[in-house]
Amino acid sequence: MIIAEQKPLNELKTLIADAANVLVVGCGTCVTVCFAGGSREAAITAASLRMATKLDGNSKQVSEVTVQRQCEWEYLDQIREQVKQADVVLSLGCGIGVQAIVERFPDSWVVPGLNTSFLGLPLEQGVWAERCAACGDCILGLTGGICPIARCSKSLLNGPCGGSEAGHCEINPDVPCAWQLIYDRLSKMDKLHVLLELQPPKNWRTSRDGGPRKIVREDLRLAYQEG
Amino acid sequence: MTATLSKNGYLSGSNLERVLRLGHFAVTGELGPPQSADGEVIRKKADLLRGYVDAVNITDNQTAIVRMSSIGAGSILVQAGLEPVVQMTCRDRNRLAIQSDLLGAYALGMRNLLCLTGDHQTFGNHPTAKNVFDIDSIQLVKLVADMRDERVFQCGDAFKGPEPRFFIGAAAAPFADPIDFRPYRLAKKVKAGASFIQTQLVYDVPAFAAFMEKVRHLGVHKQTYILAGVGPLKSPAMARYMKNNVPGILVPDELIERMEAAGAPWAGKGKDELTKEDKKARAGAWQGEGIQICIELIQRLRQIDGVAGVHIMAIEWEEAVKPIVEGAGLYPRPVVKAQVAEAEA
């Protein structure tokens, strides 16, 4: 899922500084699960902004609403009236949610309340880690199901580099060396021979390097149009 | 070797290649470009190394700190009559920039190339920079070998003019984790086209001998020239720092004790009790011992089957190279007849 974290309150105050009516919009999907932008966080953020702006002598109307998914029109349509009445919409969705609101309500001013961090998973309560870089050309089949693009600091395809020590990456003792993990797993599964093959330069065109990406499924599209 | 030799037998015709091909025990040095636009620094360091090494590595923004480019500094070295081994990392350039820079480097007279992935930018003085890592060091070796042997760019387009014919090197970290994979990774670099290998600093000779045994078992020592990395210790603190903080470097306690013993006459005194002269004398004693240790390391490494030379890393202490090379009995350096690679012949 998409992992995000809240922006500091001072930054939020700056983002809404010019508005009298603020609508905080939470999202019920990924950012709810990572405790960054669900209904609970939306309520807390709205209350904090009410208090903070009041203390600053610049009291604002701050209300909140949470939709099931900010990244789908049908859920956004349910809050059309509230969005219209707000001077600024503070989205607690990921970057996709912010842009979805902008696209659906082009006359509204929308600002982000979160920093969208990465695609990952919770390792334990309160700890999240990156797992996927959405490169568009998955190589997990070559690396024992451990992604060196997302998890090796240098995204090496022919790792490990010389900076692997005691299982961690030289950039930070808290970062496990992805290639040590790959090596250990392939070793355990008796597939180390895979690592002897030279992996050619990657086609990064399917990643962000090919420009903004889009998928068109004509089969689904036609079905939708005919339906 | 996967690379096809040209008719006269040379891939690049560089001095380093000739020295190695003729069976001499090679000596390479290292030169760190300045954090400024001062070319005089390169010329002064070159004077310290001239005649004592067969080629000089020019680092490429080592430890991710911005310095004069390795190709710019390499060009000054060529003008000064020394042969550079240009280091090229994958951190700062994508495949377009890498190939373009290599064409320029070759046109400027550079003939040896060491292909590296590069230190991560978070270590350096621009930690907020975006990194590249479009390709990795092994892919870089293959790219440069393909330019030379297949006469193609990475995209597959053929050269219409002369191709760059580099003597291609790569690095090896014999003691980094996972240690069992290290000989295989070296073999992978050779398979990609590395004609010479320069290793991470070696202080633990038995550990390196064990590594070399595995390398010989794979037959890799017959497909590439392996230069063992050595460097003079400057102080006991430096030795301990490397032992404890630098991944992939083993420093035996015995060497740390030797360094400490060299400074023993001053050991009883507290920091404040040491005069400037004391400190200078102690530094001199440490440096003398560091150089002596380095000489002994070279002599022991030379006995290991498959070691074709040494790579002396004395960055910011280039003065040490002369006594090390002389002390190890590697002076004077062989003068070998100039040979050019086939494409130029």
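Helices here are DSSP runs of at least four residues, numbered from the N terminus. With that settled, the predicted model can be taken in two parts: the contact between the chains, and a pocket.

Start with the pocket, the second largest one. Its lining draws on helices from both chains, with α7 (148-151) of chain A and α4 (95-107) of chain B each supplying at least two residues. In total, 23 residues line this pocket, and the space inside comes to about 790 Å³. Nearest the centre of the pocket sit A:Ser155, A:Trp204 and A:Asp209, along with B:Asn131 and B:Val132. As for the make-up of the lining, 10 residues are nonpolar, six are polar and seven are charged.

Now for the interface itself. On the chain B side, 31 residues are in contact with 27 residues of chain A. An interface's size is often quoted as the accessible area lost when the parts come together. For chain B and chain A, the buried area is about 2500 Å², and carbon and sulfur atoms account for 57% of that.

What about polar links? The rule picks up 18 residue pairs in polar contact across the interface of chain B and chain A, counting pairs with both residues at pLDDT 80 or more. Two helices of chain B, α5 (137-149) and α6 (182-192), each put at least two residues into the side that touches chain A. Of the elements involved, α6(B) gives the most, with six residues. Sorted by class, that side of chain B has 12 nonpolar, eight polar and 11 charged residues. Charged residues are there, then, but the rule finds zero salt bridges between chain B and chain A.

Key
Residues numbered from 1 in each chain as written. Chains lettered and ligands numbered in written order. Predicted model: local features only at pLDDT ≥ 70, side-chain atom pairs only at ≥ 80, totals over all residues. Heavy atoms only, no water. Contact = heavy atoms within 4.5 Å. Buried area = accessible area lost by both parts, 1.4 Å probe. Salt bridge = Lys/Arg side-chain N within 4 Å of Asp/Glu carboxyl O. Polar contact = N/O pair within 3.5 Å; in protein donor to acceptor, adjacent residues only side chain to side chain. Nonpolar A, V, L, I, M, F, W, Y, C, P; charged D, E, K, R; others polar. 1 Å grid on protein atoms, 1.4 Å probe; cavity = no way out; pocket = protein on both sides within 12 Å on 5 of 7 lines; lining within 4 Å. Points joined across faces, edges and corners; volume = space filled by probe spheres on them.
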